[in-house]
Amino acid sequence: MALDGCGLFCKYILFIFNLIFAVVGMVFLGLGLWLRFSANTRGIFEIDALNSSAFVMGVTVLIALGAVMLIVVAFGDYGACNEKRCALQVFSVLLVILAAAEVTVGVLAYSRSDEVGAQIVEFYSSMYALYLNNGDPAIGITLTFTHKMLHCCGVTGIPVLELAKQTCPSPDGILEHLVMPNCPGIILDVFNRKAPLVMGIFIGTGALLITALICSIVLLQAIKKGQQAITEYYSKVY
């Protein structure tokens with residue numbers, strides 16, 4: 001079906017959005033499943049006393065979030081590429097739910113920054129301990145990414161003493177060859193002193209979801225107009 005300029009533009013925007021969403025969703029789901037079923041970490045989930053630990057909850061969130069993102073992508077891609085209104089309507093409803101959840105989580109992370117920061121530190125410490133215990137490559141990649149993103153070095157921050165030194169980023173100056181920021185302290189600092197920034201990231205992500213929602217609504221209207229035009233044409237012809 002031929003779309004007008006605005007409808008066609010929104011169709012391509014949704015395609016790009018879904019592509020990015022799919023990549024992020026697969027990373028979350030893949031990492032979560034690896035941590036859940038890897039021989040090095042599976043035993044943690046079989047111990048009842050650890051079922052409420054930050055690590056178990058974090059892995060569960062990764063799996064659930066990745067699965068939800070891929071479901072959203074499935075409806076979005078099918079609806080946008082094939083111009084199916086029903087799929088786009090489901091996609092729009094899911095975007096509304098996700099956007100509301102993002103804003104809610106952002107506000108809660110801001111209002112309970114101390115608790116959230118402590119939970120993230122506990123999750124990081126669990127990952128760190130598991131990596132030292134078994135050297136799991138997936139955990140190593142996760143730690144390396146975390147260390148580079150936050151520019152910190154393990155739980156000590158002292159490269160000479162750090163047991164996971166290979167996951168630490170390159171020092172920025174002479175002093176950082178001796179002492180670097182430790183990751184638990186950086187994580188707590190991010191959630192305590194930079195709580196508005198954390199809330200802004202969540203709300204910003206919610207705004208991106210709302211942008212995709214607007215494009216989905218515009219595309220829905222364009223498809224509806226096209227279908228009405230076709231119906232009017234055939235009613236006149238026949």
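**Helices, crossings and ring contacts in a predicted model**

Helix α5 covers residues 113–134. At 1.5 Å a residue, its 22 residues should span 32 Å, and the end C-alpha atoms are indeed 32 Å apart, so the expected and computed spans agree. The model is a predicted one. Several residues of α5 are buried. They are Ser113, Gly117, Val121, Phe123, Tyr124, Met127, Tyr128, Leu130 and Tyr131. Gly135 follows α5 and has a positive phi, near 65°.

The chain as a whole contains eight helices and zero strands. Its pattern along the sequence reads α-α-α-α-α-α-α-α. The chain has 238 residues, and buried residues account for 37% of them.

Helix α4 was examined in the same way. This helix has 27 residues. From its first C-alpha to its last, α4 reaches 39 Å. That is close to the 39 Å expected at 1.5 Å a residue. Buried positions in α4 include Ala87, Leu88, Phe91, Ser92 and Leu95. Leu98, Ala99, Gly106 and Ala109 are buried in α4 as well.

Helix packing was considered next. Two packed helices are described by the angle between their axes and the distance between the axes. The axes of α5 and α6 come within 9 Å and cross at roughly 130°. An angle of 65 to 115 degrees would count as roughly perpendicular, and one over 145 as roughly antiparallel. The angle therefore makes α5 oblique to α6. The crossing of α5 and α6 is left-handed.

Helix α6 spans residues 137–150. The axes of α1 and α6 come within 10 Å, and they cross at roughly 135°. This crossing angle makes α1 oblique to α6. The handedness of the α1 and α6 crossing is left-handed.

Helix α1 also packs with α4. Their axes are 14 Å apart and meet at an angle of about 55°. That angle makes α1 oblique to α4. The crossing of α1 and α4 is left-handed.

Aromatic contacts came next. A pair of aromatic rings is described by the distance of the centres and the angle of the planes. The count comes to three aromatic pairs, taking rings with centres within 6.5 Å as paired. The ring centres of Phe17 and Phe21 are 5.0 Å apart, and their planes lie at 20°, so this pair is stacked. The cut-off for stacking is an angle under 30 degrees. Phe17 and Phe21 both belong to helix α1, residues 5–37. They are four residues apart, about one turn of the helix. An α-helix has 3.6 residues a turn, so residues three or four places apart point the same way. Phe17 and Phe21 are both buried. Ring pairs also bring in Phe91, linking Phe17, Phe21 and Phe91 into a cluster. Phe91 is one of the buried residues of α4.

A charge contact involves Arg36 and Phe37. Arg36 lies over the face of Phe37, at 5.0 Å from the ring centre.

Two residues that are not glycine show a positive phi. Glu83 has a phi of about 55°. It sits in the loop between α3 (54–82) and α4 (85–111). Burial means a relative accessibility under 20%. At 12%, Glu83 therefore counts as buried. His151 has a positive phi of about 50° and is not a glycine. His151 lies in the loop between α6 and α7 (183–193). Its relative accessible area is 22%, so His151 is partly exposed.

One contact joins residues far along the sequence. Ile203 and Gly106 are 97 residues apart in sequence. In space, their C-alpha atoms are 6.2 Å apart. Ile203 belongs to helix α8, residues 195–237. With a relative accessible area of 36%, Ile203 is partly exposed. Gly106, in α4, is buried.

Notes:
Residues numbered from 1 in each chain as written. Predicted model: local features only at pLDDT ≥ 70, side-chain atom pairs only at ≥ 80, totals over all residues. Heavy atoms only, no water. Phe/Tyr/Trp six-rings, centres within 6.5 Å; stacked < 30°, edge-to-face > 60°. Helix = DSSP H or I, 4+ residues; strand = E, 2+ residues; numbered from the N terminus. Buried < 20%, exposed > 50% of the residue type's maximum accessible area, 1.4 Å probe, protein only. Lys NZ or Arg CZ within 6 Å of the ring centre and 35° of its normal. Expected span 1.5 Å × (residues − 1). Axes fitted to C-alpha atoms, helices over the stretch in contact; angles between N-to-C directions. Parallel < 35°, antiparallel > 145°, perpendicular 65-115°, else oblique. Left-handed = near helix turned anticlockwise from the far one by under 90°.
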